[in-house]
Amino acid sequence: MAGAELIGSEEMKEVMDVLETGVLMRYGFDKERKGIFKVRQFEEEFAKYCETRCALGVTSGSSALKVALTAMDICPGDEVIVPAFTFLATYEAVLEVGAIPVMADIDETLNLDPASVEKRITPYTKAIIPVHMCGSGAHIDKIVDIARVYQLLVLEDNAQACGGSFKGKKLGTFGDMGIFSFDYYKTLTTGEGGMVVSDSKRLSDRAEWYHDHGHDHNPKVSRAMEGRSILGFNYRMNELQGALGLAQLRKLDWLIGEQKKNKQAIKSMLGAVPGVKFRELPDPEGDTATFLAFNFPDPGTAEHFQKTLGANGVDTVCFKKNLWHYVPNWEHFQAWCTANSQRFPFSNPMYRGKIDYGRHLIPQAEDILGRTLVMGISVKMPEERMAAIQAAVEKAAAAL
Ligand SMILES: *Cc1c(COP(=O)(O)O)cnc(C)c1O
């Protein structure tokens with residue numbers, strides 16, 4: 001549970017700063033707020049941490065995706081390539097802007113497979129959304145190379161790997177835009193919240209205007225007199241979220257370091273189990289270690305191992321069966337797409353007759369996710385917990 005485990009006096013102090021002024025909104029109230037701008041400060045510190053030009057706080061990771069897609073001018077009918085293994089929000093955001101999510105396969109990183117991306121490109125493709133799932137990155141360098149060749153935009157969904165990097169550069173900063181989620185489960189939490197980052201001034205401006213009804217945030221006039229050039233909506237982060245984010249950001253590197261130690265210890269335990277292999281990490285240094293993913297040669301063995309581990313108090317997830325993170329399991333999403341298929345152009349053979357999000361399109365995901373187990377890693381894992389995991393692993397290995 002990462003950041004949520006560490007909520008303490010630092011968060012309280014930042015939140016109290018806000019409550020003492022009583023100004024909960026990020027814009028306006030310049031006299032009353034006594035120089036306190038928590039959201040703005042969080043954005044500045046977050047941009048600095050990621051070594052990116054602009055960061056914009058928003059209400060959630062889901063709204064961050066929508067704000068970024070809108071800033072990138074993704075329009076109805078455009079196709080956006082998205083991996084089969086991701087949280088539902090990535091697909092929902094594409095539908096929210098009227099575009100078509102095109103499902104691509106994953107590779108041994110459990111993230112978007114660059115080779116599959118290339119096969120899904122059509123004349124209607126506008127963007128690619130690589131998602132850095134379960135704490136670690138995709139082959140982001142290769143995906144960005146493909147995007148350059150085909151002149152596509154890249155939006156990194158980095159909701160699950162905040163603080164992660166690839167060869168020293170932070171995940172979320174490789175694409176034209178990147179997003180983060182700070183919901184309660186995520187590595188850094190503000191209860192609910194999100195961030196949009198970009199090195200592009202133009203895209204960042206559009207995101208900022210869109211997320212606040214088009215307001216251009218001109219410091220020379222009052223909010224009521226501000227200009228506007230595009231339509232927008234309200235996805236503003238509030239000052240309490242900004243305050244929490246500031247305190248949490250200062251703990252992020254330490255938190256990742258603790259998780260890495262815990263993960264390494266459990267990895268050594270599992271390394272002794274016959275047949276176990278680990279997920280490919282494009283850059284192990286840049287892993288955030290929020291999860292440990294390991295696999296067996298076949299699904300039957302994985303299931304058997306999972307059952308014995310579970311019976312001994314250690315839970316793991318097989319994402320092929322997960323209801324929220326694997327496209328073929330989203331019957332309500334597929335029903336919506338079928339019902340609305342007339343709205344979509346039929347340029348891509350995938351859509352002939354009906355839109356297809358079937359398992360036959362993603363053989364690698366079907367294979368890899370079916371025999372992979374994912375274990376959550378906590379920041380605080382006391383010796384007793386580690387000993388219990390060791391005992392459970394030994395029992396499950398003996399039962400194989
Ligand atoms: C959590 C998550 C989101 C959405 O973030 P919220 O803040 O919960 O709206 C988007 N994409 C992925 C991959 C996520 O895990």
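**Figure 1. A salt bridge between E11 and K251.** In this predicted model, the side chains of E11 and K251 form a salt bridge in which the closest N and O atoms are 2.7 Å apart. E11 belongs to helix α1, which covers residues 9–21, whereas K251 sits in the loop between α8 (239–249) and α9 (252–271), so the pair ties together parts of the chain that are 240 residues apart in sequence. Both partners, E11 and K251, are buried. The model as a whole has a count of 23 salt bridges, and two others are shown in the views that follow.

**Figure 2. A salt bridge between helices α1 and α2.** K38 and E14 form a salt bridge, and the closest N and O atoms of the pair are 2.7 Å apart. K38 lies in helix α2 and E14 in helix α1, and although the two residues are 24 positions apart, the contact links these distant parts of the chain. K38 and E14 are both buried. These two residues also take part in a wider arrangement, since a network of salt bridges links K13, E14, D17, K38, E45 and R250.

**Figure 3. A salt bridge between E303 and K321.** The side chains of E303 and K321 meet in a salt bridge with an N to O distance of 3.9 Å. E303 is part of helix α10 (residues 299–311), while K321 is found in the loop between α10 and α11 (331–339), and the pair, 18 residues apart, links distant parts of the chain. Is E303 buried or partly exposed? With a relative accessibility of 35%, E303 counts as partly exposed, because the buried class is reserved for values under 20% and the exposed class for values over 50%.

**Figure 4. The largest pocket and its lining.** The largest pocket of the model has a volume of about 940 Å³. It is lined by 46 residues, of which Q160, Y185, K186, F291 and H325 are the closest to its centre. At least two lining residues come from each of the elements α3 (61–71), α4 (88–96), β8 (177–181), β12 (372–376) and α13 (383–398). When the lining of the largest pocket is divided by class, there are 21 nonpolar, 18 polar and seven charged residues.

**Figure 5. The second largest pocket and its lining.** The second largest pocket holds about 730 Å³ of space. Among the 32 residues that line this pocket, R26, Y27, R40, E208 and H217 are the closest to its centre. Two or more residues of the lining are given by each of α2 (38–50), β1 (54–58), β9 (194–198) and α7 (201–210). Which of these elements gives the most to the lining? That element is α7, which supplies six residues. By class, the lining of the second largest pocket is made up of 13 nonpolar, six polar and 13 charged residues.

**Figure 6. Surroundings of the ligand.** The ligand is surrounded by 15 residues, and the closest of them are G61, S62, S181, D183 and K186. A polar side-chain atom of S62 lies 2.5 Å from an oxygen atom of the ligand, and for S181 the corresponding distance from a polar side-chain atom to a ligand oxygen is 2.7 Å. K186 also places a polar side-chain atom 3.2 Å from an oxygen atom of the ligand, and this residue is among those closest to the centre of the largest pocket.

**Figure 7. Two buried residues, T86 and A68.** T86 is found in the loop between β2 (79–83) and α4, and with a relative accessible area of 1% this residue is buried. The side chain of T86 makes a polar contact of 2.7 Å with the side chain of T90. A68 lies in helix α3 and counts as buried at 0% relative accessibility. The C-alpha atoms of A68 and R206 are separated by 8.7 Å, although these residues are 138 residues apart along the chain.

**Figure 8. Positive phi angles at L110 and A289.** Most residues other than glycine have a negative phi. L110, which is not a glycine, has a positive phi near 70 degrees; this residue is found in the loop between β3 (100–104) and α5 (114–120) and is buried, with a relative accessible area of 1%. A289 is likewise not a glycine and has a positive phi of about 60 degrees. A289 is placed in the loop between β10 (277–278) and β11 (291–295), where this residue is buried with a relative accessible area of 0%.

Technical notes:
Residues are numbered from 1 along each chain as its sequence is written. This is a predicted model: local features need pLDDT of at least 70, side-chain atom pairs count only at pLDDT 80 or more; totals for chains, interfaces and linings use all residues. Side-chain values use heavy atoms; hydrogens and water are left out. On a 1 Å grid over the protein atoms alone, a cavity is a set of points where a 1.4 Å probe fits but cannot get out, and a pocket is an open set with protein on both sides within 12 Å along at least five of seven lines; lining residues have an atom within 4 Å of a point. Grid points are joined across faces, edges and corners, and a volume is the space filled by probe spheres set on the points. Helices (H or I, at least four residues) and strands (E, at least two) are DSSP runs, numbered from the N terminus. Ala, Val, Leu, Ile, Met, Phe, Trp, Tyr, Cys and Pro count as nonpolar, Asp, Glu, Lys and Arg as charged, and the others, Gly among them, as polar. A salt bridge is a side-chain nitrogen of Lys or Arg within 4 Å of a carboxyl oxygen of Asp or Glu. Buried means under 20% relative accessible area, exposed over 50%, partly exposed in between (1.4 Å probe, protein chains only). A residue is near a molecule or strand if one of its heavy atoms lies within 4 Å of it. A polar contact is a pair of N or O atoms within 3.5 Å; within protein, one must be able to donate a hydrogen and the other to accept it, and residues adjacent in sequence count only if both atoms are side-chain atoms.
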